[in-house]
Number of protein chains: 2
Amino acid sequence: MKMILKKYCKMSGRSVTNQRKLLLDLIYRAKGHLDADELFRRAKEQQQRISLATVYRNLKLFKEMGLISENRLGENHSHYEIRSPVEHHHLVCRSCGRVEEFDSPLIDEARLRLQQQKEFDIFSVQLKMEGYCPKCKQKRKPS
Amino acid sequence: MKMILKKYCKMSGRSVTNQRKLLLDLIYRAKGHLDADELFRRAKEQQQRISLATVYRNLKLFKEMGLISENRLGENHSHYEIRSPVEHHHLVCRSCGRVEEFDSPLIDEARLRLQQQKEFDIFSVQLKMEGYCPKCKQKRKPS
DNA sequence: TATTTTTTGAGAATCATTTTCATTTTTATC
DNA sequence: GATAAAAATGAAAATGATTCTCAAAAAATA
Ligand SMILES: [Mn+2]
Ligand SMILES: [Mn+2]
Ligand SMILES: [Zn+2]
Ligand SMILES: [Zn+2]
């Protein structure tokens, strides 16, 4: 992580700060989907002086660098996660908020066809499906 | 439109107001992707006393009723459109904002497979692809 | 180490959307 | 159609996520 951060910062003429090292590390170790506030809370545990503005600034920066991705999972704020080389999508339970990740060659195929058909140069695919997970499905249908 | 509105309002015990009739009609006639402000502007041309709060309230209501759909097309506010029986998705040019609509049996197939695999009851699929449209593609690559 | 450049923290500002509440409109009842 | 009860509206304030401002601190460069 630190090596990667250094590389990317150098590349774009940014400084490597303690805040950046900490934040990227926390996102990396979280594995899941973090929102800005949760990241801020965790960061403050180790750098009590860090500011929420710094969290937002650097989330934006990491995203520009391609290190993380931003998702809207149904709430009115964003969640962030380390961007892995293989793209994935999200299936969210609208009742309990559970998030399942998935990928599908069908989506990749759809992208390729669309690229040809519309002659766009497509660089981003965001797919979110919503529904009820097995548990919530039951609770809703005791009919 | 008015018949539909009446039906849905009755069904859920809501009143049929002039504001609702006007707003739904404007969305219907717009065909494209309207945001709350644009809808408010157009509504005011015919009911100068209408409030932005009423616009938001009723967009939310129409959405709950399943009459319209809400999309995030890349800006930090929502766009709305009449919900047609056949689902469609969006391809957005990140340079000029142009929006192309599409649907694909591949996506439907992916949904079915996922439904089985994860045992979710899926009722919503939102797919947004981003890229550069043919025109913007050229401008960016004069290499 | 000295100088220049970038980033940070704190708080104010922004902007889309929601809430509040008194007033008006709609609905249901007669 | 008039009347009372229920729901919706307008205006303004509140909210909440995110961005901006600017003086002070840290990092990069010389
Ligand atoms: Mn994910
Ligand atoms: Mn559309
Ligand atoms: Zn669930
Ligand atoms: Zn374009």
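In this briefing, a donor is an N, O or S atom within 2.8 Å of the metal. With that in hand, welcome to a predicted model in which a zinc ion (ligand 4) is coordinated by four cysteines of chain B. Chain B also supplies the donors of a manganese ion (ligand 2), and strands from chains A and B join in an open sheet of six. Let's take these topics one by one.

**The zinc site**

- The zinc ion (ligand 4) is held by the SG atoms of B:Cys93, B:Cys96, B:Cys133 and B:Cys136, at 2.2 to 2.4 Å.
- Along the sequence, these donor residues follow the spacing C-x2-C-x36-C-x2-C.
- The arrangement is tetrahedral because the angles among the four donor atoms run from 101 to 114°, and four donors count as tetrahedral if all angles lie between 85 and 135 degrees.
- For comparison, the ideal angle for four tetrahedral donors is 109.5 degrees.
- B:Cys93 is buried, with a relative accessible area of 2%, whereas B:Cys96 is partly exposed at 48%.

**The manganese site**

- The manganese ion (ligand 2) is coordinated at 2.1 to 2.4 Å by NE2 atoms of B:His33, B:His88 and B:His90, together with OE atoms of B:Glu81 and B:Glu101.
- B:Glu81 appears twice in the list of donors, and this residue is buried, with a relative accessible area of 4%.
- B:His90 also counts as buried, at 5% relative accessibility.
- The spacing of the donor residues in sequence is H-x47-E-x6-H-x1-H-x10-E.
- This site is irregular, with angles of 56 to 175° among its six donor atoms.

**The sheet shared by two chains**

- Reading across the open sheet, the strand order is β5(A)-β4(A)-β6(A)-β6(B)-β4(B)-β5(B), and the pairing is mixed.
- At the edges stand β5 of chain A and β5 of chain B, each with a single partner strand, so one side of each has no neighbour in the sheet.
- On average, neighbouring strands are turned by 20° against each other, direction ignored.
- Strand β6 of chain A and strand β6 of chain B run antiparallel and are joined by eleven bridges; in one of them, A:Asp121 is partnered with B:Tyr132.

**Helices on the sheet**

- Helix α5 (residues 105–118) of chain A packs on the sheet and touches β4 and β6 of chain A as well as β4, β5 and β6 of chain B.
- The direction of this chain A helix makes about 135° with that of β6(A).
- Helix α5 of chain B lies across β4, β5 and β6 of chain A plus β4 and β6 of chain B, at about 135° to β6(B).

Definitions and conventions. Residues numbered from 1 in each chain as written. Chains lettered and ligands numbered in written order. Predicted model: local features only at pLDDT ≥ 70, side-chain atom pairs only at ≥ 80, totals over all residues. Heavy atoms only, no water. Donors = N, O, S within 2.8 Å, 3.2 Å for Na, K, Ca; no water. Tetrahedral: all angles 85-135°; square planar, octahedral: opposite > 155°, others 65-115°. Buried < 20%, exposed > 50% of the residue type's maximum accessible area, 1.4 Å probe, protein only. Pairing = 2+ DSSP bridges. Helix = DSSP H or I, 4+ residues; strand = E, 2+ residues; numbered from the N terminus. Axes fitted to C-alpha atoms, helices over the stretch in contact; angles between N-to-C directions. Contact = heavy atoms within 4.5 Å.
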